[in-house]
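Visitor: Could you take me on a close look at one part of this structure, the charged side chains tucked away inside and whatever surrounds them? I'm new here, so please explain the terms as you go.

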Amino acid sequence: QVQLAESGGGLVQAGGSLRLSCAASGIIFRSDVMGWYRQVPGKQRELVATITGGGITNYADSVKGRFTISRDSAMNTVYLQMNSLKPEDTAVYYCNTKGLRGGELSNYWGQGTQVTVSS
């Protein structure tokens, strides 16, 4: 079983920065893909960024050049550095990890952390 705990959300003015952290407990494999998603009320949860154990990253177009995802060498903590924040970045941000467990794809989510960007 994997548990994910996010931290680092908060209120920031437009143009500011925040760094989100997600610590995973349980067994995390290098092959697991870790990432961040976000959701606003009334809308579907959307991809923000993902990172593989080998460091390959993928970003939503809306955050490219502003957000950076990284993962520690132990493979069990993932970060999201968010710069040049915009009001439209306001959302609940969720940490996610996907990987094979017992031959099946398992999908784990954190509880979410609120990010609010004021104009």
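Guide: Let's start with a pair of charged residues: Asp-89 is buried, and Arg-66 is too. Here, buried means under 20% relative accessible area, exposed means over 50%, and partly exposed is anything in between, using a 1.4 Å probe and protein chains only. Salt bridges with shared partners join these two with Arg-38 and Glu-46 in one network. A salt bridge is a side-chain nitrogen of Lys or Arg within 4 Å of a carboxyl oxygen of Asp or Glu.

A quick word on what you're looking at: this is a predicted model, where local features need pLDDT of at least 70 and side-chain atom pairs count only at pLDDT 80 or more, while totals for chains, interfaces and linings use all residues. Residues are numbered from 1 along each chain as its sequence is written, and side-chain values use heavy atoms, with hydrogens and water left out.

Back to the network. Side chains of opposite charge can pair when their charged atoms come close. Between Asp-89 and Arg-66, the closest N and O atoms are 2.7 Å apart. Asp-89 sits in the loop between strand 8 and strand 9, and Arg-66 in the loop between strand 6 (57–59) and strand 7 (67–71), so their bridge ties together parts that are 23 residues apart in sequence. Strands (E, at least two residues) and helices (H or I, at least four) are DSSP runs, numbered from the N terminus.

Asp-89 has another partner, Arg-38, and in that salt bridge the closest N and O atoms are 3.0 Å apart. This link joins distant parts of the chain, 51 residues apart: Arg-38 belongs to strand 4 (residues 33–39), while Asp-89 is in the loop between strand 8 (77–82) and strand 9 (91–101). Arg-38 has a relative accessible area of 6%, so it counts as buried, and Asp-89 is buried at 1%.

The structure holds five salt bridges. One of them pairs Asp-61 with Lys-64, at 3.1 Å from N to O. Asp-61 is exposed, with a relative accessible area of 65%.

Now for a charged residue without such a partner. Glu-6, in strand 1 (residues 3–7), is buried yet has no salt bridge, and the nearest side chain of opposite charge, Arg-45, is 7.5 Å away. For that count, Lys and Arg are positive and Asp and Glu negative, with His and the chain ends left out. What does the side chain of Glu-6 reach at 2.9 Å? That's the backbone nitrogen of Gly-112. A polar atom of the Glu-6 side chain also lies 2.8 Å from the backbone nitrogen of Cys-95. Leaving out residues up to four places away in sequence, Glu-6 touches a list of residues including Cys-22, Trp-36, Tyr-93 and Cys-95, where contact means heavy atoms within 4.5 Å.

Two names on that list belong together: Cys-22 and Cys-95 form a disulfide, with their sulfur atoms 2.0 Å apart. A disulfide is a pair of cysteine sulfur atoms within 2.5 Å, and a search of the whole structure finds one. Cys-22 lies in strand 3 and Cys-95 in strand 9, so the pair ties together parts that are 73 residues apart in sequence. The torsion about their S-S bond is about -85°, so the disulfide is left-handed. Both cysteines are buried, and Cys-22 has 0% relative accessibility.

Finally, the nonpolar surroundings. In soluble globular proteins, nonpolar side chains tend to be buried together. In this model, the largest nonpolar core has 28 residues, and those with the most contacts inside it are Trp-36, Leu-80, Met-82 and Tyr-93. Strands 3, 4, 5 (46–51), 7, 8, 9 and 11 (113–118) each supply at least two residues of this core. Strand 3 gives the most, with four residues. A nonpolar core is a set of buried Ala, Val, Leu, Ile, Met, Phe, Trp, Tyr and Cys residues joined through side-chain atoms within 4.5 Å.

Tyr-93 brings us back to the charged residues: setting aside neighbours within four places in sequence, its contacts include Glu-6 and Arg-38, along with Trp-36, Leu-80 and Met-82.

Key
Polar contact = N/O pair within 3.5 Å; in protein donor to acceptor, adjacent residues only side chain to side chain.
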